[in-house]
Amino acid sequence: MERCAQCQRGGVKLADCGACESGGPRYCSKECQILAWKSIHKYACKGSKSRLEKGSKVCLQGLAGAKQHNGKIGVVDHFVEEKGRICIFLDGEAVKLGVRPQNVKKVEPE
């Protein structure tokens, strides 16, 4: 049974994200779609100006549990939408972090 990408409710009619191509997340309500958008989907959505694609360079900021990584540059690997995290590999280190979207700032290409 297919479930809502936000609340995991099943057995209800689901609607696709209008900006994603087929295979994108599906939601049971407008409220779930808005919650998902605010938490992480705007960073993964193919139609978003805030999209962080695989390979995007980001700067880590505001990390409380891993303060030693604040200010470091990393590369987006993938999204874990159900956990609201972005998986980041740090440049020049063998470190992989799962961080909240509010803890990354996109580094514009030079």
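These legends go with a set of close-up views of a predicted model.

**View 1. The whole chain, from one end of the sequence to the other.** Start with the parts list: the chain has one helix and seven strands. Follow the sequence and you meet them in the pattern β-β-α-β-β-β-β-β. The C-alpha trace spans about 45 × 30 × 20 Å along its principal axes. There are 110 residues in the chain, and 33% of them count as buried. Among the contacts with a separation of 6 or more, 36% come from residues 24 or more positions apart.

**View 2. The five-stranded sheet.** Here five strands make an open sheet, and the pairing is antiparallel. Going across it, the order is β6-β5-β4-β3-β7. Which strands stand at the edges? They are β6 (96–99) and β7 (104–106), and each has a single partner strand, so one side of each is left without a neighbour in the sheet. From one strand to the next, the twist averages 45 degrees.

**View 3. The hairpin of β4 and β5.** β4 and β5 pair in the antiparallel sense, with six bridges between them. To see how the two strands line up, find V76, which stands opposite I88 in β5. Four residues sit between the strands of this hairpin. One residue to look for in the turn is G84, whose phi is positive, at about 65 degrees. Helix α1 also belongs in this view: α1 lies across β4 (73–80) and β5, and runs at about 105 degrees to β4.

**View 4. The hairpin of β5 and β6.** Now move along to β5 (residues 85–90) and its pairing with β6, which is antiparallel and runs over four bridges. Two pairs help you find your way. I86 has V99 of β6 as its bridge partner, and F89 is matched with K96 of β6. This hairpin has five residues between its strands. G92 takes a positive phi here, near 70 degrees.

**View 5. The largest nonpolar core.** This core is made of 13 residues. The ones with the most contacts inside it are L52, L60, I86, I88, V99 and V104. Several elements chip in: α1, β3, β5 and β6 each supply at least two residues. Which strand gives the most to this core? That would be β5, with three residues. For a closer look, pick I88. Leaving aside neighbours within four places in sequence, I88 is in contact with a long list of residues, including V58, L60, V95, L97, V99 and V104. Its contacts also include G74, V75, V76 and K96.

**View 6. A second core, and cysteines without disulfides.** A second, separate core has nine residues, and C4, C17, Y27 and C45 are among them. With cysteines in the picture, how many disulfides does a search of the whole structure find? Zero. Take C4: the closest cysteine sulfur is in C7, and at 3.7 Å from the sulfur of C4 that is too far for a bond, because a disulfide needs the two sulfurs within 2.5 Å. C20 is in no disulfide either, and its nearest cysteine sulfur, that of C17, is 3.8 Å away. Is C4 buried or exposed? C4 counts as buried, because its relative accessibility is 0%, and C20 counts as buried too, at 15%.

**View 7. S48 in its loop.** S48 is found in the loop between α1 (30–44) and β3 (57–60). With a relative accessibility of 12%, S48 counts as buried, because the cut-off is under 20%. Where does the side chain of S48 reach? It gets to the backbone nitrogen of S50, at 3.0 Å. Setting aside residues up to four places away in sequence, S48 touches W37 and K42.

**View 8. W37, a contact of S48 on the helix.** W37 lies in helix α1. At 35% relative accessibility, W37 counts as partly exposed. W37 and S48 are eleven residues apart in sequence, and their C-alpha atoms are 9.9 Å apart in space. Beyond its neighbours within four places in sequence, W37 is in contact with K42, C45 and S48. C45 is one of the residues of the second core, which also includes C4, C17 and Y27.

Methods:
Residues numbered from 1 in each chain as written. Predicted model: local features only at pLDDT ≥ 70, side-chain atom pairs only at ≥ 80, totals over all residues. Heavy atoms only, no water. Buried < 20%, exposed > 50% of the residue type's maximum accessible area, 1.4 Å probe, protein only. Polar contact = N/O pair within 3.5 Å; in protein donor to acceptor, adjacent residues only side chain to side chain. Contact = heavy atoms within 4.5 Å. Pairing = 2+ DSSP bridges. Axes fitted to C-alpha atoms, helices over the stretch in contact; angles between N-to-C directions. Core = buried A, V, L, I, M, F, W, Y, C linked by side-chain atoms within 4.5 Å.
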